[in-house]
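Me: I'd like to learn how to read the empty spaces inside a protein. Can we go through an example together?

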Amino acid sequence: MTSTQSTAPADLRVGVIGVGQMGADHVTRISTRTKGARVSVVTDYLRDKAEEVPGQVPGCRVVDSPEELIAAEDVDAVLIASPGRFHKDQTIACIEHGKPVLCEKPLAMNPEDAYAVVQAEQASGKALVSLGFMRRFDAGYADLKDAITSGELGQISIVNCKHRNAHTLPGFVDSMMVYDSAVHEIDAIHYFLEEPISAVQAVLPTPGPRADEGQHDPMLLLFRTASGIIVTDELYVNTASGYEVRTEVVGSAGIATIGQDSGRVTTHLDGGRWGGSIPEDFRPRFVDAYDREVQAWVSAIADGTMIAERSATAWDGYLAAAACEAAEQALTTTGFVEVTTAERP
Ligand code: ISE
């Protein structure tokens, strides 16, 4: 070996599909804070948006379509941050090319499509799909999971969740409140309690003043798990306030709450006020979780395990989609709607 040859492993070349809000955030993350990876190719249906990336990430190139990106020689692994309705086909294309993929949630917009991904991965004989439920990598979540699994909280009866966004984009209809927002709590239920959701009920208050025509914002979903634990999920996606995600687990030996992050509290001299700050959206709130999630994905590919231990898988995405479908039906049904799931292939 000559002195100019290196034994260091080459950086994983990541192709990013969709460089809007979340995708752009991931491009910055991989380029500045992730060890062992770089962004090599990007694509976006808004070509101008994609063209901005090489200016910030030297050596990165833009291609016309997701298909071209997935097939590219200089893409070792793919991060999908396109809208949810494209996730199924793009994830299956990655599987067909034998490339590991981190797909932002949801895996699909219905259980049949999510199941098709599970089957495609199974047929390929390789575990390649990581699903971007980033909360699994949040320190508060990890702490709460430990408290539940160690038995510290005793027998769990109720979990109360609150999920509040300051704003959403116009057209964020009820089904998106389920598949884009509530899907996080649905995955959290599976993650924390390690049992399936068996039924869902919706309770719909009078819509708030910022709800779109026909939208039920706020919305309350009640989930019942297989063993009879009840989970309440209050969704309010246009509070005009800030981003809040709280979880309270009620057990026979303790009640644990996470997400009441107050950070610095300041008293103000003008008028007897005190207060702190609240994140505008999920990117600052979960920045550490996203960083850990992407680093764990890159490291898992480097060590050949492909899917990080804590990551959600295609099967988790299928279970979430099945619960979402029941939640969507519950919006127009009185009482609980049963969740039905297929056998794991
Ligand atoms: C968004 O897609 C997310 O994933 C956020 O975490 C969630 O809070 C928001 O409601 C969704 O639209």
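Reply: Sure, let's look at the cavities here, keeping in mind that this is a predicted model.

Me: How does anyone find empty space in there, and how many cavities of 30 Å³ or more are there?

Reply: The general idea is that rolling a probe the size of a water molecule over the atoms shows where empty space is left. In this model the count comes to three cavities of 30 Å³ or more.

Me: What is the volume of the largest cavity, and which residues line it?

Reply: The largest cavity holds about 50 Å³ of space. Its lining is made up of Ile148, Val159, Cys161, Ala188, Ile189, Phe192, Leu193, Val231, Thr247 and Val249. Sorted by type, that lining has nine nonpolar residues, one polar and no charged.

Me: Which helices or strands supply at least two residues each to that lining?

Reply: Look at strand S7 (156–164), helix H8 (174–193) and strand S11 (244–251). H8 gives the most, with four residues.

Me: Okay, on to the second largest cavity. What is its volume, and which residues line it?

Reply: The second largest cavity comes to about 40 Å³. Around it you'll find Phe133, Arg135, Arg136, Tyr141, His184, Asp187, Ala188 and Tyr191. H8 turns up again here, giving the largest share of this lining with four residues.

Me: How does the lining of the second largest cavity divide into nonpolar, polar and charged residues?

Reply: There, four residues are nonpolar, one is polar and three are charged. For the largest cavity, remember, the lining had no charged residues. Try picking out Ala188 on screen: Ala188 lines the largest cavity, and Ala188 is also in the lining of the second largest.

How values were computed
Residues are numbered from 1 along each chain as its sequence is written. This is a predicted model: local features need pLDDT of at least 70, side-chain atom pairs count only at pLDDT 80 or more; totals for chains, interfaces and linings use all residues. Side-chain values use heavy atoms; hydrogens and water are left out. On a 1 Å grid over the protein atoms alone, a cavity is a set of points where a 1.4 Å probe fits but cannot get out, and a pocket is an open set with protein on both sides within 12 Å along at least five of seven lines; lining residues have an atom within 4 Å of a point. Grid points are joined across faces, edges and corners, and a volume is the space filled by probe spheres set on the points. Ala, Val, Leu, Ile, Met, Phe, Trp, Tyr, Cys and Pro count as nonpolar, Asp, Glu, Lys and Arg as charged, and the others, Gly among them, as polar.
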